[in-house]
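Me: I've got a model open and I'd like to go through it with you, a bit at a time. Can I throw some questions at you?

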Amino acid sequence: MAAPRAARGSVAAALLLLGLALCVAASEAGGACGCSADRAATATAAAAAVRRYSPEANAQRPGRGQMVPIPAGVFMMGTDEPEIRQDGEWPARRVRVNLFYMDQYEVSNAEFEKFVNSTGYVTEAEKFGDSFVFEGMLSEQVKAEIQQAVAAAPWWMPVKGANWRHPEGPDSNISNRMDHPVLHVSWNDAVAYCTWAGKRLPTEAEWEYSCRGGLENRLFPWGNKLQPKGQHYANIWQGEFPTNNTGEDGYKGSAPVTAFPPNHYGLYNIVGNAWEWTSDWWAVHHSPQETHNPKGPSSGTDRVKKGGSYMCHKSYCYRYRCAARSQNTPDSSASNLGFRCAADNLPDNLQ
Ligand SMILES: *[C@@H]1O[C@H](CO)[C@@H](O)[C@H](O)[C@H]1NC(C)=O
Ligand SMILES: *[C@@H]1O[C@H](CO)[C@@H](O)[C@H](O)[C@H]1NC(C)=O
Ligand SMILES: *[C@@H]1O[C@H](CO)[C@@H](O)[C@H](O)[C@H]1NC(C)=O
Ligand SMILES: [Ca+2]
Ligand SMILES: [Ca+2]
C-alpha cells in the first residue's frame, strides 16, 4: 500500500503523527510564571474580559450564530513550566491580541456536509484513498486487511477508504454522529471550509488565548484541576492506553461538539474531543519578546494543532492543556483531528 501521507518525506513525521509517539512522563502541574507585574496586568484585563464575555452573555446575544467575540487583550502564551519541553511549550511570553471571533464549537459533520453539498469539495483523505485510524476503533474485518502500522505508534493504522464520511473505514458511517466533530480533515481541507464560511483558521496565539478563557497561568480552560468536584470537563482517555478505554467521561470516541461545559468565553471542547488545526507553521523556538497578533513562522513543513483529543491520556499525551501543542503536515488526516474557525469580523450570515 502507498506510504501514508504523514510518513511521506520523513519517518519523524510519521512518529509525530498526532503527537503520540514522543510523549514524556509528565510531572505534576502547577506553580506560577514568576513575572508578577505582567501577571497582575494580565489578571486585571482577564477579569474584565470574563465579566464582559460570560457564556451566559454570549448565549443571550441574538443572531450571533455559533461565533463568540473574544475580547482584545494581553495574555501569557506558553508556559515557563513546560510539561513537554520538546514541543516548544515555552517560554511564557506576553502576547497582545486584537478582538476577533471564534467558533463556539468544533466544526461538526453536519456543517461540513453542508459545505460539501454546496461546493462538491473532495477532502485530501478521499483523494489519497486512506487516512489514519486508531486501531482500537476498527472492525476485525478492516484490521485483517491492514499490513502496515506506524512503527513507533502501532495503534495508528492507515486505513483504505477511511475519510470524514467513514471515520473507521469503509464499513463505518457518521449517520449517528452528525453533531460530532468532522474528522479526517487535513489542514488544507480546514482552510477550504473556513474560507467558504467567510472565516479563517485561528492563529495559534488566538487559539491559546481563547482556550485560556481569561484565566491566567492555568493548565486547562477551566483551571488547574483536571476534574473539579469529580466532574469531567473534556473528552479525553480514561484507563490504560492503548488497551483499556473505560470511557468514564461518557465517550470512548468522539463526543457531540456541544458536550461538556464551555469555558468562560463560551467555547466547547476547546481541549479534548478533536485536535484543532491552527494557521501557524510549526517551530519549537519562540522569542520571549512581547508580540502583537503573532502569526507564527513565515514558512515551515508542519502546521500547529492544539488541544489534544479523545485519545489523550496524561501518561503518553498530556496535551489537553492550553499551552500544549503538536504538529502534522498540512495534508495529514486522522480519526482524532478536526478544527474550528475564527474571523476578524462576524461573517454577514451571522450578523
Ligand atoms: C446534503 O445533501 C444530501 C443529499 O441531497 C442530503 O440528504 C443532506 O441532508 C444534505 N446535508 C445537509 C447538511 O444539508
Ligand atoms: C451506519 O452505521 C450504523 C452502525 O453504526 C448502521 O446501523 C447503519 O446501517 C449504517 N448506515 C448505513 C447507511 O450504512
Ligand atoms: C480497565 O480498567 C478498569 C479501571 O481501571 C478496570 O476496572 C478494568 O478491569 C480494566 N479492564 C481490562 C479489560 O483490563
Ligand atoms: Ca473519553
Ligand atoms: Ca477540541
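Me: Which residues coordinate the calcium ion (ligand 4)?
Reply: Bear in mind that this is a predicted model. The distances for this ion run from 2.3 to 2.5 Å, and the donors follow the spacing N-I-x12-D-x1-Y along the chain. Isoleucine 236 and aspartate 249 sit 13 residues apart, both in the loop between helix 8 (204–212) and strand 7 (275–281). The coordinating residues are Asn235 (OD1), Ile236 (O), Asp249 (OD, listed twice) and Tyr251 (O).

Me: Is isoleucine 236 buried or exposed, and what about aspartate 249?
Reply: Buried here means under 20% relative accessible area. Isoleucine 236 falls in that class, and aspartate 249 does too. For both residues, then, the word is buried.

Me: Which protein donors does the calcium ion (ligand 5) have?
Reply: Along the chain they follow the spacing E-x162-N-x2-G-x1-A-x1-E. They lie 2.4 to 2.6 Å from the ion. By name, they are Glu106 (OE), Asn269 (O), Gly272 (O), Ala274 (O) and Glu276 (OE).

Me: Why do glycine 272 and alanine 274 count as buried?
Reply: The cut-off for buried is under 20% relative accessible area. Alanine 274 is buried because its relative accessible area is 1%. Glycine 272 is buried as well, because its value is 0%.

Me: How many residues of helix 8 are buried?
Reply: Helix 8 is mostly covered. Its buried residues include Trp207, Tyr209 and Cys211, but also charged ones such as Glu204, Glu206, Glu208 and Arg212. Just after the helix, glycine 213 takes a positive phi of about 55°. The count for helix 8 is nine of nine.

Me: What is glycine 73 in contact with, leaving aside its neighbours within four places in sequence?
Reply: Glycine 73 is found in strand 2 (residues 73–77), and it counts as buried because its relative accessibility is 13%. Its C-alpha atom is 9.1 Å from that of glycine 214, which is 141 residues away along the chain. Its contacts are Val95, Arg96, Val97 and Tyr209.

Me: And why does arginine 321 count as buried?
Reply: Arginine 321 lies in the loop between strand 9 (303–306) and strand 10 (326–328). Leaving aside its neighbours within four places in sequence, it is in contact with Glu83, Ile84, Glu89, Leu219, Phe220 and Val271. It counts as buried because its relative accessibility is 2%.

Me: What about ligand 1: which side chain has an N or O atom 2.6 Å from one of its nitrogen atoms?
Reply: Ligand 1 is surrounded by Ala110, Glu113, Lys114 and Asn117. That shell divides into one nonpolar, one polar and two charged residues. The side chain in question belongs to glutamate 113.

Me: How much of the accessible area of ligand 1 does the protein cover?
Reply: Start from what ligand 1 has on its own, an accessible area of 360 Å². Of that area, the protein covers 35%.

Me: Stepping back, what percentage of residues in the protein chain count as buried?
Reply: The chain has eight helices and twelve strands. Among contacts between residues at least 6 apart in sequence, 75% join residues at least 24 apart. About 14,200 Å² is exposed, with carbon and sulfur atoms supplying 52% of it. Of the 351 residues, the buried ones make up 56%.

Methods
Residues are numbered from 1 along each chain as its sequence is written. Chains are lettered from A and ligands numbered from 1 in the order in which they are written. This is a predicted model: local features need pLDDT of at least 70, side-chain atom pairs count only at pLDDT 80 or more; totals for chains, interfaces and linings use all residues. Side-chain values use heavy atoms; hydrogens and water are left out. Helices (H or I, at least four residues) and strands (E, at least two) are DSSP runs, numbered from the N terminus. Buried means under 20% relative accessible area, exposed over 50%, partly exposed in between (1.4 Å probe, protein chains only). Contact means heavy atoms within 4.5 Å. Donors are N, O and S atoms within 2.8 Å of the metal (3.2 Å for Na, K and Ca); water is not among the atoms, so sites may look incomplete. A residue is near a molecule or strand if one of its heavy atoms lies within 4 Å of it. A polar contact is a pair of N or O atoms within 3.5 Å; within protein, one must be able to donate a hydrogen and the other to accept it, and residues adjacent in sequence count only if both atoms are side-chain atoms. Accessible areas come from the Shrake-Rupley method with a 1.4 Å probe; for residues, only the protein chains shown count as cover.
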